[in-house]
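Colleague: I am new to this structure and would be grateful for a close look at a single part of it. Could you please take me through the largest nonpolar core and what surrounds it?

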Amino acid sequence: MQELVFADTAEESADAHLVGHKFARQAQLRLAGYDVPEFVCVSAGAFDAVMASVQLPELTATDPQSLTDWAEQASSAVLKAGVPDELAKVLLYEFDQLADESGTVAVRSCAVPRPDEGEEGGEDSAADPFAGLGSSFLAVHRDELLGKVAECWASAFTPEGVLYRVTRGGDPAATRMAVGIQRLVAAERSFVAFSRDPRGDGADRSVIAAAYGLGEGVVQEQADVDHFLVDRTSGTVTAQAVHKARRVVPVAGGGTTVGEVPEELADRPVLDDETARRVARLAVALEEHFGLPQDIEGAITADGRLQLVQARPAVVTGPRRQLHWSNGNISESYAGFTSPLSYSMASELYAVGMEELYRRMGVPERELRRNRYELRRMIGYLDGRLYMRLESWYRLHSQMRAFQSLRRQWEKAVVTVDASVVVPEKGRVGRWLTKAREVPSAALRWSTHTTRMRRFSQWWQQRYEAMPDFSTRTPAQIVEDYRELWADVALRWGGTLVNNTYVIAELGLIERLLNRWAPKADRGAVNGLLCDGPVNRSVLALRSLIALAESVGRHPQAREAVLDDSENAAIEAWRRLSGGEFGPELAEQAQAHVRGFGHRTLHDLKLETVVVEQRPHLLISQLRPVIMAGRTVRSSIEDERRARREAERELRAQCRNPLHRAVIRLVFRSLRRHMQIREDTRFDRTELVGVTRRMVCALADHLVAAGTLDSPEDVFELTMDELMGTYEGASVAVAPRDIVRLRREQRAAAVKRSDPPGVFATDADVPVAAAVAAVRPTATGGATTLTGLASSGGVVRGRARVITDPDVDPESCRGRILVTRETDPGWLFLMLVAKGLVAERGTVLSHTAITGRIFGVPTVVAVRGAVDRIADGALIEVDGDRGTVTVLDEAQDTESVEGEAEAAA
């Protein structure tokens, strides 16, 4: 078997079974014209010849300690054998041909495929791209060469390498090793680059980690590293630079050390944009050359020469599909825990209302049918809380031609997120074409909208006033009433949502006009132009309450009764007020308010909310603060007019052009009209919920009478289909009473838990309940979040195992989240049993990150101060997708922590 292979000998140097994939690729790239430093390779044949004289110890067990002991004995046996004399002479001769001016070379190892493994075996293969388990040395002097070659051979049996191969199902005793001796590049800067982001969502960008000094600083995480993201299409560079104090430099006597970065370079990005693009183009070119994503290492010399020292298949995780949730403005109507009955009704209202909205906005029926299933996924029921499922909202809204124009304003008004779901946008030309096609139909809808909404309001008032007294209806009649009502809602309610698109569009237009024509205007003052507009029904409800409070306040006995806040005083005050004790006019005014506005209260869109209509004495608690504040209808009207006058003054002062002011006023006038329609239809929605509440409460009474439910309040633990199904023959086999019992238990637990974050993401492949539990903040209130680089996706929560020395029992890390300053392949024993990895140093291309991706362990690196700020045993959460580490509480006592570790094991 040939013992020495030269890089420029095509047939032999490209044979991975002789030199390993690492050196075979370097040879191929040299022959293809890439700037790869010259090298020679000690083939696996030389290793085989040495191993023929080595007696390896017997491996009797595969537990970590047994593997470590066996590996140390095997490695010592190889080192003792050393380099044969004949081969030693040849190697020293080749050293003299390759050594640079400093008289040093680089010596690297590479595991070679066994004859029975084919082309997919061995280190750096497409099937096993994990690198770094064998030894490599930079700045090796002539008198060190033979010892370093022997150390590279012996690294076939390092404890971490043996463990890795056993974990992967390989035979640790069957490893073969090649050694490369390469001209050392005098690198001023070094880099590692991936042709595409390895974290699973970066097919459109390359990622680079770069540091001053030799490449060992990047690969072994010994230097301070800058990151660069390069868009593969546009070439746009996004730099993530840090203050750099450390770099790896050669030592005059051989080897390397960690040195200081010159002060003038410490805060300067290691790569300028053009150099970053050059590196990215090289990585992409190699991906095209080899046909799969590449992980490359390279060096940049003082004259700017870019040299390639390694290329291997990249460890790229598949894209993790996520679901994005926001409670946005939905929490205004459904704050906190919401009953299953209210959720099912809200889900139905969103589905039928939105479908009709899209139809009226010109979405073709075929498109509606194709995406109809998304209508039932627009809101989620997450541990009793209502959230918008943003993927469904964006997909459905994107059916509307106008959405791209309104998207940003819609996000601000509805979703309230900082960085929402990324959806493809049309190019500039596409957006203008979309707007041009939309203009005629949009103009027609806008011109007829007010008339349409007037007709809607007339229809609804007739429909609402014709509702029967459900306490006199049979269950079958109530079910029919419900189905018929909601069938009509499905046909007509979408018009109210069309109005919201006008409100959102006009708000956006006003913002742009003010930014252009009155940039210094006080926005709070200018918004007073919305005041003193057409009176809406919500304002009428408020003024009715204020007027009643005025009347009560003028009557001494009535005022005294209403302001009495002692127990049961409200019930007595309402009895006296409604019974005419304070005069028939006051009694009629109070009763008229209850008839007209008794369903309007806080959280009135929740069916379980008890409203004034049901218990009129609740009106007394609404009157008290109004009477105490001395509010009057006249003062409320005057306040609006004053705000309008101040807004006019601010507009005149900040917008001098009368034509511009006229345009702004015109848009505000249209917005005031559409705001009136919005508030009126919101009031209509409250009436719709009020009617539905009457229906379900009447059905609840019937079910209690029939012995199906124990209490009328139990009805709120059912869904609407379950409730109606009890009379329609569509209920599930489980009795309603059993459903209620289970859900009451769930409610009791859920209301004790804090709400999930306002905006968050979950893994689409994880059950939602488990995903929500993972992102929910704890009730301790002392959570601290550290940020780093997202390196391996997933979210995991557990106890921290903070260590600075890998010489610990791996069992102490089992089921724990490993927190350390840095890792290298020697930490593999610990990393394989950990459920999460956190490192103060490292890059998205480091061994820590690659290990996490290979074994599916959530990983965050470059978390500054992690070891000092996270206590051993503290409960922490690692989000490998966002790059965050959250400390949820401090360390528990030792027994508790050890007990959790045993449970995890």
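Modeller: What follows describes that core, then a helix contact. Please bear in mind that the model is predicted.

The largest nonpolar core holds 67 residues, and those that touch the most other members are Met 354, Tyr 358, Leu 485, Met 720 and Leu 723. Helix α11, spanning residues 340-360, gives the most to this core, contributing 11 residues. Tyr 358 merits a closer view: leaving aside its neighbours within four places in sequence, Tyr 358 is in contact with Val 363, Leu 368, Leu 375 and Met 378, and also with Leu 396, His 397, Gln 399 and Met 400. Apart from this core lies another, of 36 residues, which includes Phe 47, Val 54, Val 78 and Leu 87. As a general matter, nonpolar side chains in soluble globular proteins tend to be buried together.

Met 720 and Leu 723, named above as core members, also take part in a contact between two helices. The axes of helix α25 (residues 658-705) and helix α26 (residues 720-728) come within 11 Å and cross at roughly 50°. The crossing angle therefore makes α25 oblique to α26. In passing α26, α25 forms a left-handed crossing. From α25, the contact draws on Thr 692, Val 696, Leu 699, His 702 and Leu 703, while α26 supplies Met 720, Leu 723, Met 724, Thr 726 and Tyr 727. By character, the residues of this contact are seven nonpolar and three polar, with no charged residue.

Definitions and conventions
Residues are numbered from 1 along each chain as its sequence is written. This is a predicted model: local features need pLDDT of at least 70, side-chain atom pairs count only at pLDDT 80 or more; totals for chains, interfaces and linings use all residues. Side-chain values use heavy atoms; hydrogens and water are left out. A nonpolar core is a set of buried Ala, Val, Leu, Ile, Met, Phe, Trp, Tyr and Cys residues joined through side-chain atoms within 4.5 Å. Buried means under 20% relative accessible area, exposed over 50%, partly exposed in between (1.4 Å probe, protein chains only). Helices (H or I, at least four residues) and strands (E, at least two) are DSSP runs, numbered from the N terminus. Contact means heavy atoms within 4.5 Å. Axes are lines fitted to C-alpha atoms, for helices over the stretch in contact, and angles run from 0 to 180 degrees between N-to-C directions. Angles under 35 degrees count as roughly parallel, over 145 as roughly antiparallel, 65 to 115 as roughly perpendicular and the rest as oblique. A crossing is left-handed if the near helix is turned anticlockwise from the far one by less than a right angle, and right-handed if clockwise. Ala, Val, Leu, Ile, Met, Phe, Trp, Tyr, Cys and Pro count as nonpolar, Asp, Glu, Lys and Arg as charged, and the others, Gly among them, as polar.
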